[in-house]
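User: I should like to examine the reasoning behind several descriptions of this structure. Please set each value against its criterion.

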Amino acid sequence: MPAAESDLHAPEWFRSVVFYELSIRSFYDSNGDGIGDLPGVLAKLDYLTDLGVGAIWLLPFYRSPWNDDGYDISNHYEVDPRFGTIDDLDRLIEAAHGRGLRVIGDLVTNHVSDQHPWFQAAREDRASPYRSWFLWSDTGTEFSRARRIFPDFERSNWTWDAVAGQFFFHRFFSSQPDLNYDTPAVHDEMFRVARFWLGHGLDGFRCDAAPYLYKREGTTCQSLPETHQFFRDLRALLNAEFPGAILVSEANQSVPETVQYFDGGHEFQEVLHFPVMPNFYLALAESNPRRVLDVVRATLPAVPPDCAWAYFLRNHDELSLEQVSADERALFFRYFPLPDAARVHNGVKRRLAPLLGGDDGSVLLLTALALALPGSPFLYYGDEIGMGDRIDLPDRDAVRTPMQWDDSPSAGFSTAAPADLTRPLVTDPAFGPAARNVADQEARTHSLLGRTRTLLRVRAAHASVFGAHRFEAVDLGTTPSLGFWRPGGEYRILCLYNFATQPTEGEVPLPAEIWASPVELLRGGISSTVANHRFRYRLGPREFSWTLFLNRAPPPAA
């Protein structure tokens, strides 16, 4: 079950919960206009608590022209009227807290919409105080080493503005001019934005595009020391004024760059683990889970005591393949053959279930692994039912379609006609509302939803173990299995995973302090025996198990 309300202000609450990422626009429409809204999320809180998550991550809800799904903000202090009002947000947060759920939002610090009053004032008047809030050039040749984030759509990071009479810099779409963090007023304004929404009860932020704030000629303009200092200052603000609020870093960088965002516990409490994410899929491709184990073992020591890695399989963006080699990328596409329409921005715009061929066993295997690794798991809305996608939609809208609540014409998402929905429904007969929906799967214990719910509830019951740093790999030789211990106080949990499409078996030597018979928390297809202080197991194809062992000394004989 979710964390109790008494734990809402525990300083390290984020380590014990499962986060659920949802798009307000696509989750549930409460008023029949075809657009998901804040009252709609409120109406579905019981579903989320029953699922077993402990925190909700709301994608951007600020006023926006929606050229980039709300990441192009035109007013930082207003809720977009299509979603409701600030009062609606307040009611949602209050109700979530009443159920023991935390709520975090997106803090978009790198850029704004070109329709934002700040940018409009800057482009229209060179003497405007807002002119220095953005980066301008007469040539558009500066910062040539800065990579283009959206190479499929943008030929340059500079765009000519006829009104301004200069080029302006942008790392993302040309409708999203970057802010200039060499201007102190920009810092002050972003701190004001953070205070405003934390004051409305948010429990923290996932910080979008964290590496790119500062630009320096001759560098890649990412992960610069000044950028880290900004987030250290933001973290200090949260610590002083909103204790218990967290920052989650989105930094899709190499391992050495990614771990810097912890900064010894002075910067982000959580860092999304982009380096390990593609290795979940490559491990399936090769039946070689050591890919995951090697990355986890290499990166776990970098985590400060009061921080955590954030693990995810999918999110609202493309499945990024930037952090793997060309050979690994080729392996990915050999194992997961995809049409060209499914590729975007050096990644893949497919949801979890379609990418894995509709194999619920593989979905559960990877989900159970993400849930058991030391850190905080993040689930993406709809993946718990194996929801599909629409690769015919532009950019990443493919994975942002309406939630499939039932098999009615508009999937229970809205009373509006399907043609009037904010985005079209999934039409693939294997993954659309008729085949994959909440109402159907709630009625079946062994459905993907039912089994995912069991996973989350077992993890929540042992959150102090799964949320801790303690992790001991088990040497299973050359088998296609992955094994590790999650040691606790009075007990420890053995997690085993078979990445092969054939059954596998093996044995694990038990620590000397274990004395009682094992308790199977998740059977997952396992058969096992204990003999000579060794745990012998047999796992079916793509099966897994979590087994609890008491590790205290037995009581003295009477």
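User: What makes Arg291, Val324, Glu328, Leu331 and Phe332 contacts of Leu282?

Analyst: In this predicted model, a contact requires heavy atoms within 4.5 Å. Leu282 touches these five residues, namely Arg291, Val324, Glu328, Leu331 and Phe332, with residues up to four places away in sequence not counted. Leu282 itself belongs to helix H9, which covers residues 277-286.

User: Why is Leu282 called buried?

Analyst: The term buried applies under 20% relative accessible area. Leu282 has a relative accessibility of 1%, and therefore counts as buried.

User: How far is Leu282 from Ser249 in sequence and in space?

Analyst: The two residues are 33 positions apart in sequence, and their C-alpha atoms are separated by 24 Å.

User: Where is Thr109 found, and why is Thr109 described as buried?

Analyst: Thr109 is located in the loop that joins strand S5 (102-108) to H5. Its relative accessible area is 0%, and the limit for burial is under 20%, so Thr109 is classed as buried. Leaving aside neighbours within four places in sequence, the contacts of Thr109 are Leu179, Tyr181, Met190, Asp208, Leu213, Phe230 and Phe231.

User: How do you know which side of helix H5 its buried residues occupy?

Analyst: In H5 (residues 117-124), the buried residues are Trp118, Phe119, Ala122 and Arg123. Viewed down the axis of H5, they fall within an arc of 120°, so they line one face of the helix. The elements covering them include strands S4 (75-79), S6 (136-137), S7 (158-161) and S8 (166-169), together with helix H6 (184-199).

User: What makes the protein as compact as a globular protein of its length?

Analyst: The secondary structure consists of 16 helices and 24 strands. The radius of gyration is 24 Å, close to the 24 Å given by the globule rule for 558 residues, so the protein is as compact as a globular protein of that length. Along the principal axes, the C-alpha trace spans about 85 × 50 × 50 Å.

User: What share of the residues is buried, and what share of the contacts joins residues 24 or more positions apart?

Analyst: Of the 558 residues, 62% count as buried. Among contacts with a separation of 6 or more, 69% are between residues 24 or more positions apart.

User: How many side chains are positive and how many negative?

Analyst: There are 52 positive and 73 negative side chains, and the centres of the two sets lie 5 Å apart. The protein exposes about 20,000 Å², of which carbon and sulfur atoms supply 50%.

Key
Residues numbered from 1 in each chain as written. Predicted model: local features only at pLDDT ≥ 70, side-chain atom pairs only at ≥ 80, totals over all residues. Heavy atoms only, no water. Helix = DSSP H or I, 4+ residues; strand = E, 2+ residues; numbered from the N terminus. Rg over C-alpha atoms; globule rule 2.2 N^0.38 Å. Buried < 20%, exposed > 50% of the residue type's maximum accessible area, 1.4 Å probe, protein only. Areas by Shrake-Rupley, 256 points an atom, 1.4 Å probe, with all protein chains shown as cover. Lys, Arg positive; Asp, Glu negative; His and termini not counted. Charge placed at Lys NZ, Arg CZ, Asp CG, Glu CD. Arc of directions from axis to C-beta.
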